[in-house]
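Me: I would like a close look at a single part of this model, namely one pair of packed helices, together with enough of the surroundings to place that pair in context. Please take it step by step and in connected prose.

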Amino acid sequence: MFGKSRLGGFLAGASGLFLLLPLVAVIPFSFTAKRFLSMPDGEYSLRHYVAIFDPDTWLASIGTSTLVALLSSVIATALAAAFGIGIWLRRPASGRFLIGLVLLPIIVPPVTSAVALYFLLAQIGLLDTVPGLVLSHVVMIVPFAVIAILGALSRLDRNLELAARNLGASQMQSIIMVILPNIRFGLFAAWFVSLVMSWEESSVTLFVSGVNVITLPKRIWDNLRLDLDPAVAAISVIMILATTLVILLRKSET
Amino acid sequence: MSARPLALSSRIPARVAHAGLLWPSLGVILAFMVAPIAIMLTYSFLVPGAYGGVEWTFSTAAYEQILFERDFLDDSLTFTPDYLIIVARSLLQATVATLLCLVISVPTAYYIATRPDRVKNIWLFLITIPYWVNLLIRTIALLFVLRDDGPINSALIDVGVIGQPLALSYNGFAISLGLIYSFLPFMVLPLYSAFERFDFRLLEAAYDLYASRRVAFFRIVLPVMRPGLIAGSLLVFIPSVGSYLAPDILGGGKTLMIGNLIGTQFQAARNWPFGAALSMILLTITLIVLFWLARRAAQQQMN
């Protein structure tokens with residue numbers, strides 16, 4: 001098929017290059033010695049990496065992003081775990097519908113979710129606050145946590161739970177002592193996916209926060225608008241490297 | 001003993017316990033996704049307030065505004081296609097991005113899935129990096145590549161192919177490229193996992209029975225791939241049609257898509273009902289595409 005996969009090989013190489021080239025191309029921009037975003041011409045500098053350590057701007061945003069990501073990923077994982085186990089135990093006739101409902105935030109276009117959440121948060125006075133942002137992130141990432149947990153539960157042997165119940169464990173005991181320990185890797189995966197998703201969330205965040213609460217993506221966005229600060233390139237390089245490192249670490253674990 | 005507080009819960013009937021597990025998530029989705037969409041629908045039929053917000057007067061003006069312009073003096077409506085063009089452009093850009101992603105991804109995913117394990121893992125790693133890197137940063141990175149002083153233009157100038165840098169950024173072409181770049185991994189990965197599960201003995205059997213490559217592809221491979229193709233298409237189309245970052249950063253804010261038009265209603269234009277109406281239209285388009293593809297998938301399964 002596909003001409004002895006020569007075409008496949010070529011296209012795979014081309015799309016690999018296409019996907020990775022931009023991530024590499026940012027690097028030289030981050031070492032420019034100039035004040036504005038440009039290719040360095042002979043002169044290299046680390047000043048834009050130093051600028052990231054400004055506690056009032058970049059560091060503050062890194063802190064905000066971390067706080068929001070930690071809170072929303074833990075909440076989303078807890079919600080998703082309860083939901084997944086509920087579906088798994090009860091196998092309700094409406095299961096498909098309920099799962100579809102929880103996956104709604106994936107189906108709704110991000111801009112639409114952003115507008116809808118903007119109206120709601122404006123209504124209850126949580127616009128541009130940390131609780132408002134955490135709520136928005138939880139809604140947006142819960143579907144991904146649910147997918148991870150349902151996947152883990154589908155590999156769990158029902159007999160384990162039945163055996164626990166037969167031996168006199170209450171429903172709560174069987175959940176805490178049998179089900180949860182058995183899906184711990186799924187729980188971790190769900191939490192990790194949620195953490196990354198929240199850390200990187202920019203579509204809803206750009207709408208529902210911005211003056212008091214500035215996450216890292218929002219700060220990058222503002223800098224790109226206002227004055228093409230080369231610190232954007234430096235922070236991009238750091239985030240690309242961090243992401244690559246995390247993927248490598250997760251790979252070596254499995 | 002530590003089991004004591006747990007034992008209490010055994011008195012709670014299983015039905016109630018299960019409902020207690022399901023409801024927190026359902027409640028969050030209902031309160032923070034379904035209810036907000038209901039608010040949005042309501043707002044789309046109201047009148048904009050003077051400084052943002054809404055006034056509680058029923059009106060279909062927000063929807064009329066998409067097609068018509070109201071004259072200030074005599075209140076007459078004249079047809080203006082400006083907004084319609086933006087909606088059409090969004091649909092076109094998203095369709096083009098989805099089709100091109102399909103064309104690129106099918107051979108790519110097939111190639112990766114048929115490599116030996118070691119090579120396969122390297123390819124998957126390379127595809128997963130952009131999948132995980134922040135979308136905003138990836139869009140900016142693509143802008144760097146397309147800039148006048150970016151690697152493509154400087155390479156072409158150094159080689160002497162062109163004298164002046166090509167206008168690669170801040171136009172419709174850059175937006176198309178940006179959408180493909182943003183969402184290509186969403187197409188490659190589901191297709192890859194579909195190929196991964198594909199039983200290649202089926203293909204050998206088809207060849208043994210004198211099927212041509214074409215026939216084998218369309219009759220054997222494609223039907224098995226269909227769920228992956230549909231999942232991938234949705235994952236590319238839905239975020240593309242409402243895309244906000246790519247048109248803004250790569251299109252330079254000149255070639256708007258519906259996402260940007262919506263965004264403007266909450267910044268400079270301060271017209272909440274119009275923003276709400278546009279969002280409802282975007283949601284409707286998405287749901288139509290979703291149900292159309294889902295029905296096609298269901299029909300294929302029946303056959």
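Reply: The model is a predicted one, and a useful starting point is the separation of the two domains of chain B, whose C-alpha centres, for domain 1 and domain 2, lie 34 Å apart. The domain assignment behind that distance places domain 1 of chain B at residues 4-69 and domain 2 of chain B at residues 82-264.

The pair itself consists of helix H4 of chain B, residues 82-113, and helix H10 of chain B, residues 213-241, which pack with their axes 9 Å apart and at an angle of about 145 degrees. The crossing of H4(B) and H10(B) is right-handed. On the H4(B) side, the residues that meet H10(B) are B:Ser90, B:Leu91, B:Gln93, B:Ala94, B:Ala97, B:Thr98, B:Cys101, B:Leu102 and B:Ser105, while H10(B) contributes B:Leu229, B:Gly232, B:Ser233, B:Val236, B:Phe237, B:Ser240 and B:Val241. Sorted by type, the residues of this helix-helix contact comprise nine nonpolar and seven polar, with no charged residue among them.

The contact between the chains can be described in similar terms: 73 residues of chain B are in contact with 75 residues of chain A. On the chain B side, helix H2, residues 14-43, supplies the largest share, 18 residues, and the residues of that side as a whole divide into 56 nonpolar, 14 polar and three charged.

Another place in chain B that deserves attention is B:Gly53, which sits in the loop between strand S1 (47-48) and strand S2 (54-55). B:Gly53 counts as partly exposed because 14 other C-beta atoms lie within 10 Å, a number that falls between the limit of 12 or fewer for exposed and that of 20 or more for buried. The C-alpha atom of B:Gly53 is separated by 8.4 Å from that of B:Pro273, although the two residues are 220 apart along the chain.

As for the partner, chain A has 13 helices and zero strands, and its C-alpha atoms fill a box of roughly 75 × 60 × 30 Å along the principal axes. Of the 254 residues in chain A, 47% are buried. Among the contacts in chain A between residues at least 6 apart in sequence, 73% join residues that are at least 24 apart.

How values were computed
Residues numbered from 1 in each chain as written. Chains lettered and ligands numbered in written order. Predicted model: local features only at pLDDT ≥ 70, side-chain atom pairs only at ≥ 80, totals over all residues. Domains from an automatic or database assignment. Contact = placed C-beta atoms within 7 Å. Helix = DSSP H or I, 4+ residues; strand = E, 2+ residues; numbered from the N terminus. Nonpolar A, V, L, I, M, F, W, Y, C, P; charged D, E, K, R; others polar. Axes fitted to C-alpha atoms, helices over the stretch in contact; angles between N-to-C directions. Left-handed = near helix turned anticlockwise from the far one by under 90°.
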